[in-house]
Amino acid sequence: MSIVKTNLSDRMQAVFDMVRPCDTAADIGCDHGFVSIALARSGVAKRVIACDVNKGPLKTAGENIARAGFSDRIETRLGDGLHKIAPGDKVDSIVIAGMGGALMTRILSEGEEIVKNAMQLVLQPQSELFLVRQYVRNIVFHIEKEVFLMDAGKYYWVMDVRPGKGEYPEGEVLEVYDEFSGYLIENRDPLLSEYIEKSINIYEGYLKDMPEDKQGAVRQKTKKLKLAKELMTRR
Ligand SMILES: C[S@@+](CC[C@H](N)C(=O)[O-])C[C@H]1O[C@@H](n2cnc3c(N)ncnc32)[C@H](O)[C@@H]1O
């Protein structure tokens, strides 16, 4: 893991910090290209392939990369997900940050040949994190480490995913691990404790003003949060 300080936001810095030194990294949904540039500048990746499905962001990335002087080590490619990455690119690390979990899971499953040959995935889903954690388990990868942080008033999870089987609980506990992070629960992450406590208060507040017949989903969520809290305080 790198300890290079950049001028990235705290969220992007956490994504960058997760990337292990490698020959080739792919930054999927690179947008401005800031993470790609940090990877090249720090030497964490010798070469970066920066992909985006939209022309506008890719053009901006290309301009930022040229201005930073890394056009020889960062290649931009226009395309959906991992479709523009070939096995011959020998991508070691795949970075996907700032997208919803359903889109991320779709990108990973459509590019599974590339994914399964990578030594690391660095994933920062913005929503539906359980889908990403389930996907990781299904392809027999595991979450080596996870970081939970707050940046500009929002919470973010960043996952360091590696090949190989993980160990998992069953039933409701697995559901809670998938939703809030088994790694962070087992490591009693203080920020996650705070988040869970706050969320319980928020959801219990909703229940007070909600008609009984509409309470199902909120009750379910509160139950999961309370189980997460119990797991984090269990001796
Ligand atoms: C919110 S930005 C996140 C940018 C950057 N990864 C970050 O974390 O700051 C999402 C980017 O993903 C791109 N994107 C959305 N769907 C994509 C897809 N299917 N394949 C590649 N890029 C995609 C968007 O064009 C946009 O530039």
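Buried here means under 20% relative accessible area, and the views below come from a predicted model.

**View 1. Arg162 and Asp160 pair up through their side chains in a salt bridge.** The gap is 2.8 Å, N to O. Is Asp160 buried or exposed? With just 2% relative accessibility, Asp160 falls under the cut-off and so counts as buried. Its partner Arg162 is buried too, at a relative accessible area of 17%. Elsewhere, salt bridges with shared partners tie Arg47, Glu75, Arg77 and Asp89 into one network. For the whole structure, the salt bridge tally is 20.

**View 2. Arg77 reaches Asp89 in a salt bridge of 2.8 Å, N to O.** Here's a link between distant parts of the chain: Arg77 sits in strand β3 (residues 74-78), while Asp89 belongs to the loop between β3 and β4 (93-99). The two are 12 residues apart. Arg77 has 15% relative accessibility, so it counts as buried. Asp89, at 11%, counts as buried as well. Both residues belong to the network that also takes in Arg47 and Glu75.

**View 3. Arg106 and Asp80 form a salt bridge between their side chains, at 3.0 Å from N to O.** This pair also connects distant parts of the chain, with Arg106 in helix α4 and Asp80 in the loop between β3 and β4. Along the sequence they are 26 residues apart. How accessible is Arg106? Its relative accessibility is 31%, so Arg106 counts as partly exposed. Asp80 comes in at 28% and is likewise classed as partly exposed.

**View 4. Helix α4 (residues 101-110) packs on helix α6 (residues 129-138).** The angle is about 25 degrees, and the axes lie 7 Å apart. Angles under 35 degrees count as roughly parallel, so that is the label for α4 and α6. Their crossing is left-handed. Which residues make the contact? From α4 come Gly101, Ala102, Met104, Thr105, Leu108 and Ser109, and from α6 come Leu131, Val132 and Tyr135. Sorted by class, that's six nonpolar and three polar residues, with no charged ones.

**View 5. Helix α6 also packs against α7, this time at about 110 degrees.** The axes are 7 Å apart. The angle makes α6 and α7 roughly perpendicular to each other, and the crossing is right-handed. On the α6 side, look for Leu129, Phe130, Arg133, Gln134 and Arg137; on the α7 side, for Leu174, Tyr177, Asp178, Glu179 and Phe180. Charged residues do turn up in this contact: there are four of them, along with five nonpolar and one polar.

**View 6. Here are the buried residues of α6 and what covers them.** The buried set is Leu129, Val132, Arg133, Tyr135, Val136 and Arg137. Two of the covering elements are the helix partners from the previous views, α4 and α7 (171-180). The cover also includes α5, β5, β6 (141-151) and β7 (154-163). Just past the helix, α6 is followed by Val140, which has a positive phi near 60 degrees.

**View 7. Helix α2 (residues 34-42) crosses helix α3 (residues 55-68) at roughly 25 degrees.** Their axes come within 9 Å. That angle makes α2 roughly parallel to α3. What is the handedness of the crossing of α2 and α3? It's right-handed. Phe34, Ile37 and Arg41 of α2 meet Asn64, Ile65 and Ala68 of α3. The contact has four nonpolar residues, one polar and one charged.

**View 8. Ala118 sits in the loop between α5 (112-116) and β5 (120-125).** Its relative accessible area is 3%, so Ala118 is buried. What does Ala118 touch, leaving out residues up to four places away in sequence? Its contacts are Val91, Asp92, Ile94, Phe141 and Pro163. For a sense of scale, the C-alpha atoms of Ala118 and Arg219 are separated by 40 Å, and the two residues are 101 apart along the chain.

Technical notes:
Residues are numbered from 1 along each chain as its sequence is written. This is a predicted model: local features need pLDDT of at least 70, side-chain atom pairs count only at pLDDT 80 or more; totals for chains, interfaces and linings use all residues. Side-chain values use heavy atoms; hydrogens and water are left out. Axes are lines fitted to C-alpha atoms, for helices over the stretch in contact, and angles run from 0 to 180 degrees between N-to-C directions. Helices (H or I, at least four residues) and strands (E, at least two) are DSSP runs, numbered from the N terminus. Angles under 35 degrees count as roughly parallel, over 145 as roughly antiparallel, 65 to 115 as roughly perpendicular and the rest as oblique. A crossing is left-handed if the near helix is turned anticlockwise from the far one by less than a right angle, and right-handed if clockwise. Contact means heavy atoms within 4.5 Å. Ala, Val, Leu, Ile, Met, Phe, Trp, Tyr, Cys and Pro count as nonpolar, Asp, Glu, Lys and Arg as charged, and the others, Gly among them, as polar. A salt bridge is a side-chain nitrogen of Lys or Arg within 4 Å of a carboxyl oxygen of Asp or Glu. Buried means under 20% relative accessible area, exposed over 50%, partly exposed in between (1.4 Å probe, protein chains only).
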